[in-house]
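The exercises below are meant to be worked through with the sequence and the structure side by side. Try each task before reading the solution that follows it.

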Amino acid sequence: FDGMKYLGIDFGIKRIGLAVSEGELAAPWHILEVSSFNDALDKILKIIKDQEFQEIIIGLPEGKMGKVVRGFVKALDKNGINVKTSDETLSSKKAKEAMIESGVSKKERRFEDAYSAAEILQNYLDSR
């Protein structure tokens, strides 16, 4: 264990799932409600600074959303935040399955984005 603080991000237009890890295991953490790209940027930058995350991992989806995420990565980069991307094609599907298996109620499934973020971060941690 390297003492690093990791932040996993499942980027969405209205909701952003966040997960954290300070070791080998990622845990769902928080859902950010955002109103725009810039709102998302401001909120994420504040969280990174306040919580002193050292590594940021963001899920990179395919298609149109992938372009948006790449733009977000660039914007963070301009603010001096180094972000690693992780392929997330399977993470939301896996997150949903994991939640259903562990008996998470429909009401709690709105935390799906945080579970996806945990899946993204876990994949990254496992692949190191």
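## Exercise 1: A residue in a loop

Glu 52 is found in the loop between α1 (37-51) and β4 (55-60), and the model in which you will look for this residue is a predicted one.

**Task.** Find Glu 52 and decide whether this residue counts as buried or exposed, and then state what its phi angle is.

**Solution.** Begin with the surface: the relative accessibility of Glu 52 is 60%, and since a residue is called exposed when the value is over 50%, Glu 52 counts as exposed. Turn next to the backbone, where Glu 52 has a positive phi of about 55° although the residue is not a glycine. As a background to this step, most residues other than glycine have a negative phi.

## Exercise 2: The order of helices and strands

**Task.** Work out how many helices and strands the protein chain has, and which pattern they follow along the sequence.

**Solution.** Counting the elements gives four helices and five strands. Reading them along the sequence then gives the pattern β-β-β-α-β-α-β-α-α. As a last step, consider how much of the chain is covered: of the 128 residues in the protein chain, 46% are buried.

## Exercise 3: The helix α4

**Task.** Compare the expected span of helix α4 with the distance between its end C-alpha atoms, and then find how many of its residues are buried.

**Solution.** Helix α4 covers residues 112-127, which is 16 residues, and at 1.5 Å a residue these should span 22 Å. The C-alpha atoms at the two ends are 23 Å apart, a value that agrees with the expected one.

For the second part, twelve of the 16 residues are buried, so that α4 is mostly covered. Among the buried residues are Asp 113, Ala 118, Ile 120, Leu 121, Tyr 124 and Leu 125. Ala 118 may serve as an example, since with a relative accessibility of 8% this residue falls under the limit of 20% and counts as buried.

## Exercise 4: Salt bridges

**Task.** Find how many salt bridges there are when a side-chain nitrogen of Lys or Arg must lie within 4 Å of a carboxyl oxygen of Asp or Glu, and describe where the partners of three of them lie.

**Solution.** It helps to recall that side chains of opposite charge can pair when their charged atoms come close. By the rule in the task, the count comes to five salt bridges.

- Arg 15 and Asp 113 meet through their side chains, with 2.8 Å from N to O. This pair links distant parts of the chain, for Arg 15 belongs to strand β2 (residues 15-21) and Asp 113 to helix α4, 98 residues apart. Arg 15 is partly exposed at 36%, whereas Asp 113, at 15%, counts as buried.
- Glu 24 and Arg 128 form a salt bridge with an N to O distance of 3.7 Å. Because Glu 24 lies in the loop between β2 and β3 (27-33) and Arg 128 in the segment after α4, the pair ties together parts that are 104 residues apart in sequence. Glu 24 is partly exposed, with a relative accessible area of 49%, and Arg 128 is partly exposed as well, at 47%.
- Lys 46 pairs with Asp 50, and their closest N and O atoms are 2.5 Å apart. Both residues lie in helix α1, and because they are four residues apart, about one helical turn separates them. Lys 46 counts as exposed at 52%, while Asp 50 counts as partly exposed at 47%.

## Exercise 5: A charged patch and a contact in space

**Task.** Name the residues that form a positive surface patch, and find how far apart the C-alpha atoms of Lys 94 and Ser 116 are.

**Solution.** The positive patch is formed by Lys 64, Lys 67, Arg 70, Lys 74 and Lys 78. Taking one of these residues, Lys 74 lies in helix α2 (residues 63-78) and is exposed, with a relative accessible area of 59%.

For the second part, locate Lys 94 in helix α3 (residues 91-101), where this residue is partly exposed at 36%. Although Lys 94 and Ser 116 are 22 residues apart in sequence, their C-alpha atoms are 7.6 Å apart in space.

How values were computed: Residues are numbered from 1 along each chain as its sequence is written. This is a predicted model: local features need pLDDT of at least 70, side-chain atom pairs count only at pLDDT 80 or more; totals for chains, interfaces and linings use all residues. Side-chain values use heavy atoms; hydrogens and water are left out. The expected span of a helix is 1.5 Å times one less than its number of residues. Buried means under 20% relative accessible area, exposed over 50%, partly exposed in between (1.4 Å probe, protein chains only). Patches are made of residues with over 30% relative accessible area and no salt bridge: like charges are joined within 9 Å, nonpolar side chains (Val, Leu, Ile, Met, Phe, Trp, Tyr) within 5 Å. Accessible areas come from the Shrake-Rupley method with a 1.4 Å probe; for residues, only the protein chains shown count as cover. Lys and Arg count as positive and Asp and Glu as negative; His and the chain ends are not counted. The place of a charge is taken as NZ of Lys, CZ of Arg, CG of Asp or CD of Glu.
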